[in-house]
Amino acid sequence: VSSIASIIVTVTLMDQAPPGMTTTIRNVVERTVERVVQGNTTPKETVKTVIVREEDIIADAVDRESRTLARIFTQVPPVAGSATSTSEFVSLGIVFSEEGTVVTDSATVSESVTYTIKLADGTTFDTKAVFQDEDLHIAFLQPVKPLEKKLISATLGDSETARFGGMAVVIGGKKDASVNIGVVSGFDTAKKEIEKDGKKEEVTYRSNIRLSIGTGAGSLVVSGSGSVIAMGTGGEGSISAVPVNLIKELLASVPPVKATP
């Protein structure tokens, strides 16, 4: 009884909270019913209330998705008097497949250059750009040879379900993972023609997600439910992000990576 009363008070206080709060921590209440049977007695049901904190959901998502954050480097020729080349950071990216397909902002890469991918677990491999769409800010990099092991790929959500004012967690960082929490501040839309039931019709879709915080090229944008909904674009301080649904659609037209031997 006291647990239920506490939940009612908590929900009431949250409803009365000022709309300008910069950090929102909500509780997801799950009702679990257990059936207990002892000998020949009549079965009894025990109701347990489990509270799952949203901050735990986000922390788990950050821990998981930060492993899919790819750091993209290029080799810089040795300078005069030196015999070794150096690595130069280019951009962030997101591992989109277990075979090593990485998506990043098209403005940061070129099809004529070989790039080295470095993951959080120390995995490294060389890639080349196999597809670029400058208008959508999307480029796909693929390994130059099959990888020796499968990678952890991003947990892709549905960007059409992102809500105005909904939580947006941006995961980035050139060296170590960094996290910023904001909200979805708006959407840009566009129209395209599709064929349905033998007829062509025009539909509206989300072409860009705007955030209240900066993103950075190739950074991960995670929703409050813990799945990736977008990829950051532009330089530091940019608030634009490419909806993940657009990336998934374009990926379908890119030749798959050769399977791991």
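# A predicted chain with a six-stranded barrel

The chain contains three helices and 14 strands, and the model that shows them is a predicted one. Of its 261 residues, 36% count as buried. Among contacts between residues at least 6 apart in sequence, 55% join residues that are at least 24 apart.

## Confidence

Before looking at details, it helps to see where the prediction is confident. The mean pLDDT of the chain is 83, and 75% of the residues reach 70 or more. Confidence is highest in strand β5, at 97, and lowest in helix α1 (residues 2-15), where the mean is 51. Over residues 17-26 the pLDDT is below 50, and this stretch has nine contacts in the model beyond near neighbours in sequence. Where pLDDT is low, the predicted coordinates should not be read in detail.

## The barrel and its helices

In which order do the six strands of the barrel follow one another? They close up in the order β9-β10-β11-β14-β13-β12, with antiparallel pairing. Neighbouring strands of this sheet are turned against each other by 40 degrees on average, when direction is ignored. Within the barrel, strand β10 (residues 178-196) is joined to strand β11 (residues 199-211) by 12 bridges, and the two run antiparallel. One position to look for along this pair is I194, which stands opposite E201 in β11.

Helix α3 (residues 244-251) packs on the sheet, where it touches β10, β11, β13 and β14 (240-243), and its direction makes about 50 degrees with that of β14. Within α3, the residues V244, N245, L246, I247 and L250 are buried. The buried residues of this helix pack against β5, β7, β8, β11, β13 and β14. An α-helix has 3.6 residues a turn, so residues three or four places apart point the same way.

Helix α2 (residues 54-65), for its part, lies across β9 (167-172), β10, β12 (220-223) and β13 (228-232), and runs at about 30 degrees to β9.

Two charged side chains are placed over aromatic rings on β10 and β11 residues or their partners, as the following positions show. The charged end of R206 sits over the ring of F187, 3.7 Å from the ring centre, while K192 lies over the face of Y205, at 5.0 Å from the centre of that ring.

## Two hairpins in a row

Strand β7 (residues 124-133) takes part in two antiparallel pairings. Strand β6 (residues 114-118) is joined to β7 by five bridges, and here the bridge partner of T116 is D126 in β7. These two strands form a hairpin with five residues between them, and G122 in the turn has a positive phi of about 95 degrees. On the other side of the turn that follows, β7 pairs with strand β8 (residues 138-143) over six bridges, and the bridge partner of T127 is P143 in β8. The hairpin of β7 and β8 has four residues between the strands, and H137 takes a positive phi near 65 degrees.

## Aromatic pairs and a buried threonine

The structure holds two aromatic pairs. A pair of aromatic rings is described by the distance of the centres and the angle of the planes.

| Pair | Distance of centres | Angle of planes | Kind |
|---|---|---|---|
| F73 and F89 | 5.7 Å | 80 degrees | edge-to-face |
| F131 and F140 | 5.8 Å | 40 degrees | tilted |

Why is the pair of F73 and F89 called edge-to-face? Its planes stand at 80 degrees, and planes over 60 degrees apart count as edge-to-face. The pair links distant parts of the chain, with F73 in strand β3 (residues 69-76) and F89 in strand β4, 16 residues apart. F73 is buried, with a relative accessible area of 13%, whereas F89 is partly exposed, at 24%. In the other pair, F140 is buried, with a relative accessible area of 0%.

F140 also appears among the contacts of T101, a residue in the loop between β4 (86-95) and β5 (102-104). Is T101 buried or exposed? With a relative accessible area of 3%, T101 is buried, because buried means under 20%. Leaving aside residues up to four places away in sequence, T101 touches I94, V95, F96, F140, L141, Q142, P143, L251 and V257.

Definitions and conventions. Residues are numbered from 1 along each chain as its sequence is written. Side-chain values use heavy atoms; hydrogens and water are left out. Two strands pair if DSSP finds at least two bridges between them. Axes are lines fitted to C-alpha atoms, for helices over the stretch in contact, and angles run from 0 to 180 degrees between N-to-C directions. Contact means heavy atoms within 4.5 Å. Buried means under 20% relative accessible area, exposed over 50%, partly exposed in between (1.4 Å probe, protein chains only). Rings of Phe, Tyr and Trp (its six-membered ring) pair if their centres lie within 6.5 Å; planes under 30 degrees apart count as stacked, over 60 as edge-to-face and the rest as tilted. A charge sits over a ring if NZ of Lys or CZ of Arg is within 6 Å of the ring centre and within 35 degrees of the ring normal. pLDDT is the predictor's confidence in each residue, from 0 to 100.
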